[in-house]
Amino acid sequence: MEIAAKTQKKTGVYARGWDCLKSTKGRVVQVAKNAKKQGQDDPRKIIHSLKVGLALTLVSLFYYFRPLYDSFGVSGMWAVLTVVVVFEFTVGATLCKSINRGFATMLAGALGVGAQQLAGLFGEEGEPVILGILVFLLAAASTFSRFSPRIKARYDYGVLIFILTFSLVAVSGYRVNQIIELAHQRLSTILVGGATCIIISIFLCPVWAGEDLHNMIVHNMEKLSSFFEGFGGEYFMKPIDGESIVDSKDKKSFLQGYRSALNSKSNEESLANFAAWEPCHGRFGFRHPWKQYLKIGALTRQCAYHIEAISSYLNSETQVSVEFRTRIQESCTTISSELGKALKALASAIKTMKDPSSADAHVENAKAAVKDLEIALNAASLDETDLLDIIPDATVASILIEIVKCVEKVSESVHELSGLAHFKGVEPTVTPEKSQLLHRGTIKPIPNRDGDATDVVITVEASSVSPENDTGKCKSKQGEIHVNMY
């Protein structure tokens, strides 16, 4: 019995060990699949990882080569730490952290040495007291400055490094005699580490925060456009056997794509902040209006919130009035279609950085459809209709009217961006040099001697209209063609 019990116990241990091994293998395989998918979705992440490894390898030379180690000593480790903390995914983020760290280290190092010299004037007993007071005052003032929105957005990391460096230099200088040499070595290695990150980030497969922000705004507007282009047909479509004609996969693609714009505020603000640090690159010049992108993004997000409200009525099973829906169907469908076209045109204008005038016609068509919808709503008779049956359609119509106003604001903001960023103009379809010919004429029959109309006189008037003609006058020529009828 004891032998059987021991054998069963060993078997249970082996079984649990095998199950644990299989579960570990499954987790490793799942992690590998996730890593592969992440790399396929954005190959730039793989390149960024390689760039960080390269930068760390280069700054490690402070330890590998004896001459560099003899010059900087243990302070060479600060170059490695600098690369680890300042090398970010985008060029703007790397520049932001590197510049903040460099200037904060220089300023704090200088103030730390000055504080050490000032405290030394008070003797051995007064020196630690003065150093403690100075550390307290500067640390408290710097920490309080981090609550300022402007400093928090752009210089928060620099203030943090300033507090750290000043405290290290001021406190360590009390026990270290060669404080200036120590500060010089740390500053030099930090500058070398930051410069290495900046050079590799800019010149080796750069990832620009400004370009990411530009593409994000375009992507969100295209998602909203896809929703509006399919909403009218989906909402007013008559169901067949209780099922929509649009299959679930297509339905999910255009009905839920707008959700990417709902939670994009933090990403947009972060990218706009980092884009302001970047130099000229590609189509984006110096002092590009990145703040205008935030304005467009906020208005796009406002439209997305309206869509969130209107999309809840797509799957609603509430009974509606067929007569009321028929009255507003054409206007609502037109509004939805024109909104989709307008947003698509605006997104294309931002993407290609060309004049967004092509969207104006669609915005005006949507506003005209709103007037027709208001007329239809006013003409609707509610005497023989249950009020609860028209509430869903009336709510949808009301939200569409608000969305038209929102899209109009988006269009105005894109036009402002076009002026600030100097978008390219759209080439005219008719060249100014060529005049336009407008023809009109009359046909007059001429009776012969027998009274039959066998002759016809065709009078042709050709008007030449030139776009360069500021007075609006046109030159006209008149001619007659005689046609004999036999």
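Here are some friendly notes on the salt bridges and a nonpolar surface patch in this predicted model.

1. Let me start with the charged pairs. Side chains of opposite charge can pair when their charged atoms come close. In this model the count comes to 13 salt bridges. Three of them are taken up below, among them the pair of D212 and R44.

2. The side chains of D212 and R44 meet with an N to O distance of 3.0 Å. This salt bridge links distant parts of the chain, since D212 sits in helix α11 (residues 209–235) and R44 in helix α2 (residues 44–59), 168 residues apart. On accessibility, D212 counts as buried because its relative value is 17%, under the 20% limit for that class. R44, with a relative accessible area of 32%, is partly exposed.

3. A second pair worth a look is D156 with R146, a salt bridge at 2.8 Å from N to O. D156 belongs to helix α9 (residues 156–172), while R146 is in the loop between α7 (123–145) and α8 (149–154), so this contact ties together parts that are 10 residues apart in sequence. D156 has 17% relative accessibility and therefore counts as buried. R146, at 21%, counts as partly exposed.

4. Next come K367 and E408, whose side chains form a salt bridge at 3.2 Å, N to O. K367 lies in helix α16 (residues 360–379) and E408 in helix α17 (residues 387–420), so the pair ties together parts that are 41 residues apart in sequence. Both ends are partly exposed: K367 has 27% relative accessibility, and E408 has a relative accessible area of 25%.

5. What do the shared partners of salt bridges join into one network? The members are D42, R44 and D212. You will recognise R44 and D212 from the pair in point 2, with 3.0 Å between N and O.

6. Turning to the surface, a nonpolar patch of about 690 Å² is made by Y63, Y64, F65, L68, V74, M77 and L81. Which elements give two or more residues to this patch? They are α3 (61–64) and α5 (77–86).

7. One residue of the patch deserves a closer look: L81, found in helix α5. Its relative accessibility is 41%, so L81 counts as partly exposed. That value also fits the patch, because patch residues need over 30% relative accessible area.

Key: Residues are numbered from 1 along each chain as its sequence is written. This is a predicted model: local features need pLDDT of at least 70, side-chain atom pairs count only at pLDDT 80 or more; totals for chains, interfaces and linings use all residues. Side-chain values use heavy atoms; hydrogens and water are left out. Patches are made of residues with over 30% relative accessible area and no salt bridge: like charges are joined within 9 Å, nonpolar side chains (Val, Leu, Ile, Met, Phe, Trp, Tyr) within 5 Å. Accessible areas come from the Shrake-Rupley method with a 1.4 Å probe; for residues, only the protein chains shown count as cover. A salt bridge is a side-chain nitrogen of Lys or Arg within 4 Å of a carboxyl oxygen of Asp or Glu. Helices (H or I, at least four residues) and strands (E, at least two) are DSSP runs, numbered from the N terminus. Buried means under 20% relative accessible area, exposed over 50%, partly exposed in between (1.4 Å probe, protein chains only).
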